[in-house]
Amino acid sequence: MTSQSEAARFGWLGPDVLSIAAGALLAAVAPLERFDYVARGLTASALADDAPSAQVLLVTASPEALRDGLCERSLPGLLERGRARGALLVPPADAFCGGDAGGGARAPATAAAPAVRLPPGLLRLSAGEVVGFFPLTSEARAAELGALGVSAAPWVIKKAPQSVPAVSLRDLADGQVPANALAGRVAVIAVGSGGVPPQAVATSALPPAKGVAAVLGGLLDGGRRASAPAWAPALFVLLAGGVVWLARRRYGSLVATSALFLATFALAAGQSALAARVEASLLPLPSTLFGLAVAFAGVMILRGLGVQRAVDRAAELIQRAALFRMQGVHTLRDEEFWPRVARLAEQAHPADLVLVAELPAGSWHLRFWNDRRDGDSLVAERRHDVRRPPYSSEQGVPAIRLARRFLTKQDMPAVVVPLIAFGEIEGYVFFCGPVAEATFSREPERAENVGRELALLLRRKRLARTAEAGAGEARAGHTPTDDLVEGARVALDDLQLFGSMLRSAPVGLLYADAFGDVRFVAPEFAKWLRARGVTVPVESASAALPPGSLTLGDVLGATSASGAAVSLSSVMASDEGIELSVSAPEPAVLSVRPLRRESDGSSWIAGYVAALIPVKQPAPVSGNVRPLAARDATDPLCAFQLGDVVADAVASAARATGRAVRLEPIRGATHALGHRGELAQVLEGFLTDVASRGLPGHGPVVSVREAPQGVQLSILDVGFGLGLPESALQRVLTAPGAAPAGLEPLGRLILAVEDSHGQAELKTNDGWGITLTVTLLRAHPRAFVAAHEGGKPAAQQNVIAIGRASPK
């Protein structure tokens, strides 16, 4: 119980939900670190600010000017006169602009604007471009760079290269550019090409000077950026995965895929919007997209594979069950439906010929389906208007009636049966021939019952097709999935029908569909039908029979030996069905009942179920009760010599056990009355059992003699032989049919003696053992004389002859 509740509690944890959770975890962990780093740099570069920078000025010097010492002579004065914030010397320009032995170009202590050499490990590069600054380990260098506004920043929304002002150091030194252009700015000193026009000065700077100026300008303008918290990409994957899951569940794969593309677009747009305004906003885009792909794969691919496997399996099962499928009435083509209706009518009402006709919707003229034989029409009436005779009375009321001269054979009558359901005419059935006329005269209610059931069958077909047509118009397209759903619906209907069959039948052994065609027959039922001379086709692999191979009328016909088969109409007329007694090959009861379905206030027969129920034999009597049954004719009650029977039994027991069984001399003729065969059998078994149990040298002693009470058989030493006291043996005398274990041979002997009208008793012989005494009735044989030619009486079968008659 606990396991079931736990399974129900965590049943929502399907592969799709777990994949969304796995995608969120991957986005939080960010396993694609290298790609995430590059993506953050590209994002920062793509969001470069186009506004002119007021914090940085790119100053380029040609190699000739640097070798002439122009930078070393003029830079300190220019920074001081221009009230610059300072200068950042980008290698290799730092080697020509002065500096101490430590490698840092530093202004005198009194200088207001420092000139700081750019450390080699300061720049953060991504895809060959400068994207930020690493933190410095040297505190002194950090302080100097901090005076210029340079601080640790992983990623920076830099200035666009064309937005950073650039001038030539030669122009500044010659006064062609005012010195106040450096006011409040950080001068990035770099090596550039000489002799270029002013508008090309910025592009003439050698890398990485242009990137340093752009990143420093963005940093000083507030472009510092950092990674977003780990929960941000995880939350995005959860939300996006949930949207995709919901779209897949409600609207299908196409909408879910569209939702994925929208989520990807939202990720890119959101990243751009956040990175432009929020400092800690750079997402690990590759890892986030990877997590989103994992979530999408779980929602779409894994679920799609599961659904595809289920669809393939369902399609395979439906295809395998196609033969066994009980095809619905409305799914049959008209060319197959109406002949089956005619076959059903033939089973329900005796007739030489059965015709069926359909009344199309909105029409008054019948359409016959089987009115032609050998190319000629069988119906002489050509008008086919249901408002005229013989289809209706003279007053125009449709009713069952007997028509003459309706067929081309003028002498063949026809019983016209209108098929009316809920006041509407669905069609007509015509039972033709003298047999149909005689049946209608004798049982007019049979035609009425058949007409009512056939009308409900036709109405069911028409309503189902109308509903199916409306559903088809509502469905614009028809996909293979629709076929699968339709097949599953039909299979479900079949399962419900078979469930009704199993619930209704005492023993579910045979099923026939609504047309009376047997579709399933159990092996025992088929064996019974073959024994009655009915041809049963070989079953298919799915144990189903094709329509028309065996009908329920054939099964009912096999129940009558005289040839007058029980009609199917009696089954139609009874909701409880009928029960027929059959005697061969074994006594049984054949139960046949209709399966009815109800819908829209109407009831119709959807099939038939038959059960062959064996008649139970009388229950065996209790062990201590002996039934008074007739004795077998092979062992009658007769007169016999008990001495001969005992002698044979003693000899057989001695041979079987290898021990001595002593027989006292037989005294008297010992003619007894009883069942000789039974007594001989049980006596031999009893002596064998007693001799095998006795001690060596202490075998039983048997004697037979004539006594006043009758012929007596005595067996001495019974107690020692069986190893039981007299008290235990006395119980067998009371209930010989329920003898204790080990005393069954003695019980059978006592039963056989009582069956022969004798008696048995046990006596103790003062320490000499226990004696079993059996007393049988004495037989008194009568003498007879054989008949001779002289007219003496003839011999009787119950007279024993004494001596031989001497011939004269």
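Which strands does helix 9 (residues 209-220) lie across? In this predicted model, helix 9 crosses strand 1, strand 2 and strand 8, and its direction makes an angle of about 170° with strand 8. A good way to place this packing is to begin with the protein as a whole and then turn to the sheet itself.

The protein has 808 residues, 43% of which count as buried. Its secondary structure comprises 24 helices and 29 strands. The accessible surface amounts to about 42200 Å², and carbon and sulfur atoms account for 57% of that area. Contacts that reach far along the chain are well represented: among those between residues at least 6 apart in sequence, 67% join residues at least 24 apart.

The sheet beneath helix 9 can now be described. Strands 1, 2 and 8 belong to an open sheet of 5 strands, ordered 3-2-8-1-7 and paired in parallel. Strand 3 (115-117) and strand 7 (166-168) are the edge strands; each has a single partner, so one side of each lacks a neighbour in the sheet. Between neighbouring strands of this sheet, the average turn is 25°, with direction ignored. At one end of the order, strand 1 (residues 56-61) and strand 7 run parallel and are joined by 3 bridges. Within this pairing, Thr60 has Ser168 of strand 7 as its bridge partner.

A further helix also packs on the sheet. Helix 5 (residues 70-81) lies across strand 2 (86-89), strand 3 and strand 8 (186-191), and its angle to strand 2 is about 145°. Strand 2 and strand 8 are thus crossed by helix 5 and also by helix 9, whereas the edge strand 3 is listed with helix 5 and strand 1 with helix 9.

Moving on along the chain, helix 10 spans residues 231-251 and includes Trp231. The relative accessibility of Trp231 is 58%, which is why this residue counts as exposed, the cut-off being over 50%. Together with Leu235 and Leu239, Trp231 forms a nonpolar surface patch with about 350 Å² of accessible area in total.

A contrasting case is found at Ser703, a residue of strand 26 (residues 701-707). Its relative accessibility is 18%, and Ser703 therefore counts as buried, since the limit for that class is under 20%. Leaving aside residues up to four places away in sequence, Ser703 touches Glu664, Gln712, Leu713 and Ser714. Trp231 and Ser703 thus illustrate the two classes, exposed and buried.

Definitions and conventions. Residues numbered from 1 in each chain as written. Predicted model: local features only at pLDDT ≥ 70, side-chain atom pairs only at ≥ 80, totals over all residues. Heavy atoms only, no water. Patch = residues over 30% accessible without salt bridge, like charges linked within 9 Å, V, L, I, M, F, W, Y side chains within 5 Å. Areas by Shrake-Rupley, 256 points an atom, 1.4 Å probe, with all protein chains shown as cover. Salt bridge = Lys/Arg side-chain N within 4 Å of Asp/Glu carboxyl O. Helix = DSSP H or I, 4+ residues; strand = E, 2+ residues; numbered from the N terminus. Buried < 20%, exposed > 50% of the residue type's maximum accessible area, 1.4 Å probe, protein only. Pairing = 2+ DSSP bridges. Axes fitted to C-alpha atoms, helices over the stretch in contact; angles between N-to-C directions. Contact = heavy atoms within 4.5 Å.
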